[in-house]
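User: Please take a close look at the open space in this protein. I should like to know what surrounds it, and how the enclosed space and the aromatic rings compare in their setting.

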Amino acid sequence: MLFRWRWLWLGCLGVATLAQADGEILHKRNADFAQPGTFDKGSVGYWNQKRLVDGEAFVIRRNVHGEPWAGCFSISPSDPKISDGLRAELRDLYVASPDEAIQYRFNTYVPAAPVFDGLPRLVLAQWHDRKEDGERAQRPPLSLRVIDGQLKLMVWNDEVWKQQGPNGDGLVIYSQPVGSKPMWLEQVYKVRWSANGNGRVEVWWNGHRVADYRGAIGYGDDSFGPYFKFGVYTTHALARQVDICHSDYQRSRWN
């Protein structure tokens, strides 16, 4: 269990508070910007931090189970809710365009299975739906979740929404049990954001291709593609504190 600190520690010599990014910035970064949000040397990069309740929700740590730098996120039952849920997330400011093909890489430290016993459904990473201003977003076109001891990748599109409604689980394109031992999960996602039949999601976990989904991803009436967030999030009641670490986020174009 990680302890919640009020400060962001940069190594062992000093402290710094998190700076708030200004607003919801669209298309201010190119998808070719290769490392928009690593935590190397304690840098928080250009991430939007609006989804952190306070300085205790996120801390950059060194040497996290062999990873040189990692961003560690924490939610607690006593936290105030943000957008109807308990969440500690950082948002990539880049919003994809419809039909754009982007590769995402990042690592997640997944605790051993017993850590998740009795916990509700958790979202560890999501590519969030982006509507026009004033319109309510639908379920994330793609997300990484822990549900009933399983790591699951979920896809949403118009047909899944029609069949399941807003409270469904989405289309599961891959699932595996959380391991008996903790591990760093190295992830690569090659995604073509297309709400018609041209969409594609190829996924590698720890060097093994685990999914190759082809079909619609997202919603046909969207003017934008999604944006990426990671951390930890739930809309369900929480019995105890949850801590999740991520590292080495990268994004680039692919064909």
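Analyst: A pocket is an open set of grid points with protein on both sides within 12 Å along at least five of seven lines, and its lining residues have an atom within 4 Å of a point. The model examined here is predicted.

The largest pocket has a volume of about 1100 Å³. Its lining consists of 40 residues, and those nearest the centre are Arg-87, His-128, Arg-136, Ala-137 and Tyr-233. By class, this lining comprises 18 charged, 12 nonpolar and 10 polar residues. Four strands each supply at least two residues of the lining of the largest pocket: β5, β7 (122-128), β8 (142-147) and β14.

The enclosed space is treated next. The count comes to one cavity of 30 Å³ or more, and the largest cavity has a volume of about 30 Å³. Its lining is formed by Asp-92, Tyr-94, Val-95, Ala-96, Ile-102, Tyr-104, Trp-127, Pro-226, Tyr-227, Phe-228 and Arg-251. Two or more of these residues come from each of β5 (86-95), β6 (101-110) and β14 (227-234). Strand β5 gives the largest share, three residues. In this lining nine residues are nonpolar, two are charged and none is polar. Strands β5 and β14 thus appear in the lining of the cavity and also in that of the pocket.

Several residues of the cavity lining, including Tyr-104, Trp-127 and Phe-228, also belong to a cluster of linked rings. The other members of that cluster are Phe-39, Trp-47, Phe-58, Phe-73, Phe-106, Tyr-189, Trp-193, Phe-230 and Tyr-249. Across the whole structure, the search finds 23 aromatic pairs. In one of them, the ring centres of Phe-58 and Phe-73 are 4.8 Å apart and the planes stand at 50°, so the pair is classed as tilted; planes under 30 degrees apart would count as stacked, and those over 60 as edge-to-face. Phe-58 belongs to strand β3 (residues 58-64) and Phe-73 to strand β4 (residues 67-75), and the pair links distant parts of the chain, 15 residues apart. Both Phe-58 and Phe-73 are buried.

A further pair is edge-to-face: Trp-161 and Tyr-219 are 6.1 Å apart centre to centre, with 85° between the planes. Because Trp-161 lies in helix α1 (residues 158-164) and Tyr-219 in the loop between β13 (208-214) and β14, this pair ties together parts that are 58 residues apart in sequence. The two partners differ in their setting: Trp-161, at 26% relative accessibility, counts as partly exposed, whereas Tyr-219, at 3%, counts as buried.

Two aromatic rings also carry an arginine over the face. Arg-130 lies over Phe-224, at 4.9 Å from the ring centre, and Arg-192 lies over Trp-254, at 5.7 Å from the ring centre.

Strand β13, which precedes the loop that holds Tyr-219, pairs with strand β12 (residues 200-205) in the antiparallel sense over six bridges. Within this pairing Trp-204 stands opposite Arg-209. The hairpin of β12 and β13 has two residues between the strands, and Asn-206 takes a positive phi near 50° there.

Note on methods. Residues are numbered from 1 along each chain as its sequence is written. This is a predicted model: local features need pLDDT of at least 70, side-chain atom pairs count only at pLDDT 80 or more; totals for chains, interfaces and linings use all residues. Side-chain values use heavy atoms; hydrogens and water are left out. On a 1 Å grid over the protein atoms alone, a cavity is a set of points where a 1.4 Å probe fits but cannot get out, and a pocket is an open set with protein on both sides within 12 Å along at least five of seven lines; lining residues have an atom within 4 Å of a point. Grid points are joined across faces, edges and corners, and a volume is the space filled by probe spheres set on the points. Ala, Val, Leu, Ile, Met, Phe, Trp, Tyr, Cys and Pro count as nonpolar, Asp, Glu, Lys and Arg as charged, and the others, Gly among them, as polar. Rings of Phe, Tyr and Trp (its six-membered ring) pair if their centres lie within 6.5 Å; planes under 30 degrees apart count as stacked, over 60 as edge-to-face and the rest as tilted. Buried means under 20% relative accessible area, exposed over 50%, partly exposed in between (1.4 Å probe, protein chains only). A charge sits over a ring if NZ of Lys or CZ of Arg is within 6 Å of the ring centre and within 35 degrees of the ring normal. Two strands pair if DSSP finds at least two bridges between them.
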